[in-house]
Amino acid sequence: MAECKDSNGDKWEIYASSGWRWRRTASNGVIVGASTESYVNKSDCVANAQRHGMTCTPV
């Protein structure tokens, strides 16, 4: 799993689950976004998360 935090405090996670998925968690711990599909390539998953607002780089 890779994760990072945006400047607004949101945490982004890239994780493997029958492919690659992403999840966005607000600073109060509530999940506010997630991928609706899994991706074969991790890079495709990261690109989709970036299109949905991720500005940090998951490590």
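Two strands are taken as paired when DSSP finds at least two bridges between them. With that in hand, the strands of this predicted model can be followed along the chain, one hairpin at a time.

The pairing of E2 with strand E3, which covers residues 20-25, is antiparallel and comprises six bridges. Within this pair, Ala16 has Trp20 of E3 as its bridge partner. Three residues separate the strands in the hairpin of E2 and E3, and Ser18 adopts a positive phi near 55 degrees there.

On the other side of the story is the pairing of E1 with E2, again antiparallel, with four bridges. Here Cys4 stands opposite Trp12, a residue of E2. The hairpin of E1 and E2 has five residues between its strands, and Gly9 is the residue given a positive phi, near 95 degrees.

Asp10 deserves a closer look. This residue sits in the loop that leads from strand E1 (2-5) to strand E2 (11-16). Asp10 is buried because its relative accessible area is 9%, which falls under the 20% cut-off. Leaving aside residues up to four places away in sequence, Asp10 touches Cys4, Lys5, Arg24, Thr25, Ala26 and Ser27. With one of these, Arg24, the side chain of Asp10 makes a polar contact of 2.8 Å.

The Asp10 and Arg24 pair also appears among the salt bridges, of which the model has two. In the salt bridge between Arg24 and Asp10, the closest N and O atoms are 2.8 Å apart. This pair connects distant parts of the chain, with Arg24 in strand E3 and Asp10 in the loop between E1 and E2, 14 residues apart. Arg24 and Asp10 are both buried.

A salt bridge is likewise found between the side chains of Glu13 and Arg23, with an N to O distance of 2.9 Å. Glu13 belongs to strand E2 and Arg23 to strand E3, so this pair ties together parts that are ten residues apart in sequence. How do the two partners stand with respect to burial? Glu13 counts as buried because its relative accessibility is 8%, whereas Arg23 counts as partly exposed because its relative accessibility is 23%.

Taken together, the picture around E3 is a pleasant one to trace in the structure: the strand pairs with E2 through six bridges, Arg23 in E3 ties to Glu13 in E2, and Arg24 in E3 links to Asp10 in the loop between E1 and E2.

Definitions and conventions: Residues numbered from 1 in each chain as written. Predicted model: local features only at pLDDT ≥ 70, side-chain atom pairs only at ≥ 80, totals over all residues. Heavy atoms only, no water. Helix = DSSP H or I, 4+ residues; strand = E, 2+ residues; numbered from the N terminus. Buried < 20%, exposed > 50% of the residue type's maximum accessible area, 1.4 Å probe, protein only. Polar contact = N/O pair within 3.5 Å; in protein donor to acceptor, adjacent residues only side chain to side chain. Contact = heavy atoms within 4.5 Å. Salt bridge = Lys/Arg side-chain N within 4 Å of Asp/Glu carboxyl O.
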